[in-house]
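Hi,

Here is the structure I promised to pass on. Have a look at it first, and then read my notes underneath.

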Amino acid sequence: MARDRWIVGISGGSGPVMGIRLLQALRQYSSGEVHLVVTPSAVRTLQIEAPEWSLDSLKALAHVVHDFKDVAAAPASGTWKAQGMAVIPASMHTCAAIAHSLADNLLVRAADVCLKERRRLVIVPRETPLHLGHLRTLVTLAELGASIVPPMPGFYTRPKTIDDVINQVVGKVLDQLGIDHDIAPRWEGPQTHGG
């Protein structure tokens, strides 16, 4: 039987460190093959927000890296089986392109394939505040079958560091992909959290 495959798309929204952490978590908690698509805007955001991460070190976290422009790559076809995809972070430009099937690059096309094949697609939108156009785009994605996971921290776990917040968001993404993990604490009731 074929090995599980997961696709991670990192677009130009703020927070590429969330995509990095998801890549690390997929390697840790899944035995599947991890495929990566990075947009040019994501590369620029990575340089600004996480200069300690080179593009090469980011790519090293995946088993396979696909060229953003290569719409003939394997994830562009529904006959190529993948268990699911996460776009983390997802810029509003990328969200809108996925919502309207504007598949002129591999990241959007791979997400479109997940929707048409009824595979798991998790969108982590990065914008605030949201205007009505953003909200309508996210509603469209939800209606098409995507899971929308905004990077909103749950303070009930009392995060101490930015890594705690990132891990909690990534844990929510892993949950939506159906991958068991212990990357972040789960709510077990107030007695276990000092409440």
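**What I found**

Let me start with a small detail: right after helix 4 comes Ser 101, and its phi is positive, near 55°. Do keep in mind as you read that this is a predicted model.

Helix 4 itself covers residues 92-99 and is mostly covered, with six of its eight residues buried. The buried ones are Met 92, Thr 94, Cys 95, Ala 97, Ile 98 and Ala 99. What do they pack against? The answer is strand 4, helix 5 (106-116), strand 5 and helix 6.

Now for the whole chain. The protein chain has seven helices and six strands, and if you read along the sequence, they follow the pattern β-α-β-α-α-β-β-α-α-β-α-β-α. Its radius of gyration is 16 Å, close to the 16 Å that the globule rule gives for 195 residues, so the protein chain is as compact as a globular protein of that length. The C-alpha trace spans about 55 × 40 × 35 Å along its principal axes.

A few totals for the protein chain may help too. Of the 195 residues, 48% are buried. If you take the contacts with a separation of 6 or more, 76% of them are between residues 24 or more positions apart. The protein chain exposes about 9,800 Å², and 52% of that is supplied by carbon and sulfur atoms.

Next, the strands. Strand 5 takes in residues 120-125, and five of its six residues are buried, so to speak of it as mostly covered is fair. On one pairing, strand 4 (residues 84-90) runs parallel to strand 5, and five bridges join the two. Within that pairing, Val 87 stands opposite Ile 123 in strand 5. Strand 5 also runs parallel to strand 6, this time with two bridges joining them. There, Val 122 has Ser 147 in strand 6 as its bridge partner. To get from strand 5 to strand 6, the chain goes through helix 6 (residues 132-144), and this β-α-β crossover is right-handed.

Two loop residues are worth pointing out while you have the model open.

One is Ser 11, in the loop between strand 1 (5-10) and helix 1 (16-29). Is Ser 11 buried or exposed? With a relative accessible area of 0%, Ser 11 is buried. A polar atom of its side chain lies 2.8 Å from the backbone oxygen of Pro 89. Leaving out residues up to four places away in sequence, Ser 11 touches Thr 39, Ala 42, Pro 89, Ala 90, Ser 91, Thr 94 and Leu 107. You will recognise Thr 94 from the buried residues of helix 4.

The other is Thr 157, which sits in the loop between strand 6 (147-148) and helix 7 (162-177). Thr 157 has a relative accessible area of 16%, which is under the 20% cut-off, so Thr 157 counts as buried. Which residues does its side chain reach? The side chain of Thr 157 comes to 3.3 Å from the backbone oxygen of Gly 154, and it makes a polar contact with the side chain of Gln 168 at 3.4 Å.

That is what I have for now.

Cheers

How values were computed: Residues numbered from 1 in each chain as written. Predicted model: local features only at pLDDT ≥ 70, side-chain atom pairs only at ≥ 80, totals over all residues. Heavy atoms only, no water. Helix = DSSP H or I, 4+ residues; strand = E, 2+ residues; numbered from the N terminus. Buried < 20%, exposed > 50% of the residue type's maximum accessible area, 1.4 Å probe, protein only. Polar contact = N/O pair within 3.5 Å; in protein donor to acceptor, adjacent residues only side chain to side chain. Pairing = 2+ DSSP bridges. Right-handed = clockwise from strand over helix to strand, strands pointing away. Rg over C-alpha atoms; globule rule 2.2 N^0.38 Å. Contact = heavy atoms within 4.5 Å. Areas by Shrake-Rupley, 256 points an atom, 1.4 Å probe, with all protein chains shown as cover.
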